[in-house]
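Trainee: I should like to learn how a model of this kind is read. May we go through it together?

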Amino acid sequence: METEPLNGSEEITPMLATSFPDNHSESQSAHSIQETSRIIIDDAKLLETNSQWQEAKVEGPPTSCDSDPSYEDSIDESMDNDEEEKPKLTTHQKLSMVLIILATLANTMSFSILAAFFPIEAEAKGMSQSVIGFVFTAYSLASSVGSPICGKFLPVVGARFMFIAGSFLVGGSNMMFGLVGDMPTLATFTAFCFLLRVVEGLGLAASFTSASAILAHTFPDLKGTVVSLNDVMVGIGFAAGPAIGGLLYQAGGFRLPFFICGGFDLLVVVINVAIMPQYACESQTTGSFKKVLTLPAMWLALGVSLIVNSTYGFIDPTLALHLKELQFDVVEISCMFGLLGGSYAIASIFWGYIADKKKNTRIMISIGSFGCAMFFLFLGPSPLLNINPHKYIIVASIVIGAVSMAMVAMPTLVDMLITSQWYGLPQGLGDMGVISGLWLSSTSIGVTIGAPLGGLLTDHLGFSKAGTVLAGVNIATMLVICFFGLWEFRCGKGRREPRKGEL
């Protein structure tokens, strides 16, 4: 009895194949080979499919490769384009930057013009030296209180309005300050001096807070660079204001400096009203102090900002007398202050760029704190070093100190903004305003307490020992930052890890 030939489409297992008669061995063998080959091919295809699925799962989102075969090509092409073409600044960004730094320069010049001649006029009116000092510090106190309040209500009133209104208060109060010399009594003269300085401090708080928030919001990838550039304008304004004020005072008396600088400030306000763009906010709700201040990293950055600005404030009333004791003449002392301010300004821009590029703000602050400690140890020099105070050591110390203080001061705001992003806070103008306000408040408080603290320590300990104390404070700051980073990144519940593509 003949058996029908085997159909190639039938499935035959090895066990069934062994049960066929011997006369069909050739057909069975051929069919088994075909089936075995088909199974091997099917297994290879299945293995290839699984490998492709696993590779897609590891290297991309589940829908990336399966849904679009050209996905990888488009990603490669976009990466090549990103490497070849860097994003250019828009007209909106350029206009915002120019107008803000121009207003910042005008505001700080208006504030600082009275430093050269006001004490002379006030003393002639009968005001004591201590009251004159309080007139100067009234600005810092008003700014430290007003900055967080302005940051809180920034999205409610609008960033553009707050910036222009703050500049208007600065320019207007500055022009009115030129009239206080006509006050008939010492009491009215003193009262209006304090009142106008407080108004000016609140205006600067509104202007600076909104400026920092606008810059951080408008330049999301260049926060440190643009904020440092604006801070350089602050330094230039504080340096140029007294010089211009003194020249105008000699040329036209007490009123002229205030009328000229205040008028220039109001002219800038008119320009900003005419051409400054609007800055819309996604949500009109205000930022949350509670959410910001519940993050331990925020307190760390604010504390560092306060310490470094106290350090800078310590230098103002003490450095000139110390240099005079070291046989520096007036011209050399002036050059040392110019070297300090110039080095700080240049370093601020550089460190702001590095903070944007590398995001290693904690490392920068730690190294900068160590540099500040070395600055005070060699500036004295400290009794711990047992070295003679040569002029070239003092010059090198001042350069190192300026660069180090900029390395600490500039990354603090960038660190707060990075912290807010890592912990998932909204990145709108509301929270930007709160962060900027708190940062500026810590800056103002540091400057306020730095000058009297420096005078007090120098009177009781001498400059060298007082500098040694500040060196110890900066070393302690460095250690706190290092241990906090160890807790945050390795041990504590506050460990933060930036998600891929966030920064």
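Mentor: The following questions concern aromatic rings, charges over rings and one helix.
This is a predicted model, in which local features need pLDDT of at least 70, side-chain atom pairs count only at pLDDT 80 or more, and totals for chains, interfaces and linings use all residues. Residues are numbered from 1 along each chain as its sequence is written, and side-chain values use heavy atoms, with hydrogens and water left out.

Trainee: How many aromatic pairs are there?
Mentor: Rings of Phe, Tyr and Trp (its six-membered ring) pair if their centres lie within 6.5 Å; planes under 30 degrees apart count as stacked, over 60 as edge-to-face and the rest as tilted. By this rule, the count is 12.

Trainee: Of which type is the pair of F118 and F177?
Mentor: The two ring centres lie 5.7 Å apart. Their planes stand at 70°, so the pair is edge-to-face.

Trainee: Are F118 and F177 buried or exposed?
Mentor: Buried means under 20% relative accessible area, exposed over 50%, and partly exposed in between (1.4 Å probe, protein chains only). On this scale, both F118 and F177 are buried.

Trainee: Which residue lies over the face of F328?
Mentor: A charge sits over a ring if NZ of Lys or CZ of Arg is within 6 Å of the ring centre and within 35 degrees of the ring normal. At 5.0 Å from the ring centre of F328 lies K391.

Trainee: Where does α14 bend?
Mentor: Helices (H or I, at least four residues) are DSSP runs, numbered from the N terminus. The bend at a residue is the angle between axes fitted to the seven residues ending there and the seven starting there. For α14 this angle is about 50°, at T318.

Methods: Helix = DSSP H or I, 4+ residues; strand = E, 2+ residues; numbered from the N terminus.
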